[in-house]
Amino acid sequence: MLKLLVVEDHALVREGLVRLLAQVDEEVELAEAADFEMALTLLDDNGEYDLVFLDLALPGIDGFSGLDVLRRRYPAMPVVVVSAYDDTPTVNRVLSLGASGFIPKACSGEALLAAARSVLDGNIFRPSGQPSNRITDENELRETNRFPISVKPCEIGLTERQAQVLGLMVRGFSNRDIAEQLSLSEGTVKIHASAIFRTLDVSSRTQALVAVARYGIDFEDIF
């Protein structure tokens, strides 16, 4: 029998996921936890599950830290993150921490079941063509900043050079200043800046700086 665990603090969402996932196979045993501590208790009492569905925004623990704990304690157990925060840096970071997939909460029930079956078949599921949660201003940052731990630039898909350019942007350097600092042409800096904006899923330097604060990007070792 297939054993699945849903870790989600919102009862309505959790109950909906449980009802939906009952259709993933002919015989399914579903367990649910409203917080991370309860999830660990279930794992300690019942052993590993065939697949865990983990929300990132849980009370009492940073969702990325929770994922890291599960991967360390149960390295053979696949974990799929289900979250409303489906922007590119979040997806990249979740997968870099060892998740077997990322399922946006905006997806349909049919898509969720397909993703779950894909992961159960041993695949890594990454969403494609999903709407992104763009960060537009400081007020939105305060509302969505639920993940305070720092992240390395490479964990969200930035190359070393892109990280250096972004790090200098954070310090207030203009494109011309960045070009001089890194011995690049100003045109090359603009190319890197465009790539950075795509990776962070933003459209301006201001939005990029807000994204840096949100994800806690650590530039300490990039120079």
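Reader: D201 is found in the loop between α9 and α10 (205–215). Why does D201 count as buried?

Author: This is a predicted model, and the values below are computed from it. D201 has a relative accessibility of 11%. Buried means under 20%, so D201 counts as buried.

Reader: What is unusual about the phi of D201, given that D201 is not a glycine?

Author: The phi of D201 is positive, at about 60 degrees. Most residues other than glycine have a negative phi. S183 is another case: its phi is positive, about 55 degrees, and S183 is not a glycine either.

Reader: Where does S183 lie, and how do you know whether S183 is buried or exposed?

Author: S183 sits in the loop that runs between α8 (175–182) and α9 (186–200). Its relative accessibility is 68%. The cut-off for exposed is over 50%, so S183 counts as exposed.

Reader: What makes S100 a buried residue, and which residues does S100 touch?

Author: S100 belongs to the loop between α4 and β5 (101–104). The relative accessible area of S100 is 11%; set against the limit of under 20%, this makes S100 buried. Leaving out residues up to four places away in sequence, S100 touches P78, V79, V80, V119, N123, I124 and F125.

Reader: How do you know that V18 is buried?

Author: V18 is part of helix α1. Its relative accessibility is 16%, and buried means under 20%, so V18 counts as buried. Apart from neighbours within four places in sequence, V18 is in contact with V6, L30 and E32. From V18 to A39 there are 21 residues in sequence and 15 Å in space, C-alpha to C-alpha.

Reader: Why is α1 called roughly perpendicular to α5?

Author: Helix α1 (residues 11–21) packs on helix α5 (residues 109–120) at an angle of about 65 degrees, and their axes are 10 Å apart. Angles of 65 to 115 degrees count as roughly perpendicular, so α1 is roughly perpendicular to α5. The crossing of α1 and α5 is right-handed.

Reader: Which residues make the contact of α1 with α5, and of what class are they?

Author: From α1 come L17, L20 and L21, and from α5 come G109, L112, L113 and A116. By class, the contact of α1 with α5 has 6 nonpolar residues, 1 polar residue and no charged ones.

Reader: Why are α2 and α3 described as roughly parallel?

Author: Their packing angle is about 10 degrees, with the axes of α2 and α3 11 Å apart. Angles under 35 degrees count as roughly parallel, and α2 and α3 are therefore roughly parallel to each other. The crossing of α2 and α3 is right-handed. On the α2 side the contact is made by F36, L40, L43 and D44, and on the α3 side by G66, V69, L70 and R73. The contact of α2 with α3 has 5 nonpolar, 1 polar and 2 charged residues.

Reader: What makes the buried residues of α3 line one face of the helix?

Author: In helix α3 (residues 63–73), the buried residues are G63, F64, G66, L67, L70 and R71. Viewed down the axis of α3, these buried residues fall within an arc of 160 degrees, so they line one face of the helix. In general, an α-helix has 3.6 residues a turn, so residues three or four places apart point the same way.

Reader: What covers the buried residues of α3?

Author: The cover includes α2 (36–46), β3 (51–54), β4 (79–83) and α4 (88–96).

Terms used:
Residues are numbered from 1 along each chain as its sequence is written. This is a predicted model: local features need pLDDT of at least 70, side-chain atom pairs count only at pLDDT 80 or more; totals for chains, interfaces and linings use all residues. Side-chain values use heavy atoms; hydrogens and water are left out. Axes are lines fitted to C-alpha atoms, for helices over the stretch in contact, and angles run from 0 to 180 degrees between N-to-C directions. Helices (H or I, at least four residues) and strands (E, at least two) are DSSP runs, numbered from the N terminus. Angles under 35 degrees count as roughly parallel, over 145 as roughly antiparallel, 65 to 115 as roughly perpendicular and the rest as oblique. A crossing is left-handed if the near helix is turned anticlockwise from the far one by less than a right angle, and right-handed if clockwise. Contact means heavy atoms within 4.5 Å. Ala, Val, Leu, Ile, Met, Phe, Trp, Tyr, Cys and Pro count as nonpolar, Asp, Glu, Lys and Arg as charged, and the others, Gly among them, as polar. Buried means under 20% relative accessible area, exposed over 50%, partly exposed in between (1.4 Å probe, protein chains only). The arc is that of the directions from the helix axis to the C-beta atoms.
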